[in-house]
Amino acid sequence: MSTLTDLPLFFRTQCPLLLRPTRFSTSTVSVFLPFPNRRTRIRCSIAKEEPAISSTSSSTWETERRHSGTVDCVVVGGGISGLCIAQALATKHSDVAPNVIVTEARDRVGGNIVTVERDGYLWEEGPNSFQPSDPMLTMVVDSGLKDDLVLGDPNAPRFVLWDGELRPVPSKPNDLPFFDLMSIGGKLRAGFGALGIRPPPPGREESVEEFVRRNLGDEVFERLIEPFCSGVYAGDPSKLSMKAAFGKVWKLEQNGGSIIGGTFKAIQEKNSAPKPPRDPRLPKPKGQTVGSFRKGLAMLPNAISKSLGGKVKLSWKLSSISKLDKGGYNLTYETPQGLVSLQSNSVVMTVPSHVASSLLRPLSVGAADALSKFYYPPVASVSISYPKEAIRTERLINGELNGFGQLHPRSQGVETLGTIYSSSLFPNRAPAGRVLLLNYIGGATNPGILSKTETELVEAVDRDLRKILIKPNAKDPLMMGVRKWPQAIPQFLIGHLDLLDAAKSALRDTGFQGLFLGGNYVSGVALGRCVEGAYEVAAEVTDFLSQYAYK
């Protein structure tokens, strides 16, 4: 969802250097359970295994397993953020944090990344792709997936529905005078506003809608940014914070007095600073493109999990966390083998904020209260397939459905947020003669999708597509997959950064150093930002362990 489209050209071409759309080797624990029908507690550090000691308590019937040592870091959550934090610690900071454990409550890794392959189709039911930034490519290479990387055509057009037609979004500067998504007056208003000829900032935190209307005009907001917010956040731009959701653009005006002034200043600062050499192992993508893998996005979390090996613990549900008198933390898990306790010098919580809130409430009410206030609206992904002849003739380019996909502003009378042309974007996504379309529906402005059945969601998407892309008399589509995400994407609303700072400060001020927050509500919702944020958190953990960890 977070890579439904790139940033519109007004942002991308004026600040290309700043914007990218929207971190021990362990032994396997052998467990002996002489009383399989009774609750069992196991204490282990995982870092060093000693012979098992089993004992029975007459009052609790517990078997206690003791191990010496403490791990350096426990990462709670095996989604893409948690896995990448562990991978970054393993590949970049193994000298400081050699003993790392990742725990995941589910029986699989990957979080919201879900790839399905069936009957010649391959589709995504969570995020669809990523922007190939250098941190993202570093993670790809370090995970052994360089040869499995697939990139979309950088020239593939993106479309926005306006006045009943799919209109291309400009992809390069020389497209600006000719694209018909905006009027001449709207283009002039955007240009003058970007130069600084617009009302001054109001002196308070602005929503995305307020910032864009003030700086670039109504047309840019209504025809480019509003559908873009739907594509990235499934959000309401009248409530999303510009500073939190699109901070790099917000900083341009703050630092340079205008978007263009800030861009020039950023370029000057970049050129004056020494440029570190680029890792020669990394591929060199061409143009503005997106990436995935030969067998879908799930290849990344699966590859990282395989690389980490026994450090990843599945079906481990964290039940409590406490601070140790000597420093560090004790974490107690419900596992298939019974209760397990780990001791660690540091902890990174990468679970969703509402889950972290419940787990941290016994430690810090202030942090828990702040984390409980983040909002995650529901989104459904709907993958359906049509025969190629079902595509409207005017939408074909050289007989093919070419392009990245299309976005639908809320004002245009369709319920679907947007559609990705999956079989056009990446190879081997559908059988010959078939078109695979990934559609997203729901979000902050349409939470009622949770009450709809899978059939009703497919019917809603099909009804919208027949107005735009599919011939009205085409046969019914094949329903490949429908997945509802009741709490899908954290909304970076006005006050988001204040809440996040409040949660971090509450933990720090009450003595919980070494307990870090991570995940998409911290780093950003795009898959690439989760990976970039993972490297940042890994560096924070390493700095803490180097200076403050209890030896």
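This briefing covers one helix, one helix pair and two nonpolar cores. The model is predicted. Helix H6 spans residues 218-233 and has a kink. H6 also gives the largest share of the largest nonpolar core. Elsewhere, helices H3 and H17 cross at roughly 80 degrees.

**Helix H6**
- The kink in H6 is about 35 degrees and lies at Ile225.
- The proline Pro227 follows shortly after that kink.
- Of the 16 residues of H6, 14 are buried, so the helix is largely enclosed by the rest of the structure.
- Ala234 comes just after H6 and takes a positive phi of about 50 degrees.

**The nonpolar cores**
- The largest nonpolar core holds 54 residues.
- Val208, Val212, Val220, Ile225, Tyr233 and Phe246 touch the most other members of this core.
- H6 supplies eight residues to this core, the largest share.
- Another core, of 44 residues, lies apart from it.
- Leu83, Val100, Leu145 and Leu545 are among the residues of that other core.

**Where H3 meets H17**
- H3 covers residues 134-142, and H17 covers residues 527-547.
- Their axes come within 8 Å and cross at roughly 80 degrees.
- Angles of 65 to 115 degrees count as roughly perpendicular, so H3 is roughly perpendicular to H17.
- On the H3 side, the contact is made by Pro135, Met136, Thr138, Met139 and Asp142.
- On the H17 side, Gly528, Val531, Glu532 and Tyr535 take part.
- The residues of this contact divide into five nonpolar, two polar and two charged.

Definitions and conventions
Residues numbered from 1 in each chain as written. Predicted model: local features only at pLDDT ≥ 70, side-chain atom pairs only at ≥ 80, totals over all residues. Heavy atoms only, no water. Bend = angle between axes of the 7 residues up to and from the residue. Helix = DSSP H or I, 4+ residues; strand = E, 2+ residues; numbered from the N terminus. Buried < 20%, exposed > 50% of the residue type's maximum accessible area, 1.4 Å probe, protein only. Axes fitted to C-alpha atoms, helices over the stretch in contact; angles between N-to-C directions. Parallel < 35°, antiparallel > 145°, perpendicular 65-115°, else oblique. Contact = heavy atoms within 4.5 Å. Nonpolar A, V, L, I, M, F, W, Y, C, P; charged D, E, K, R; others polar. Core = buried A, V, L, I, M, F, W, Y, C linked by side-chain atoms within 4.5 Å.
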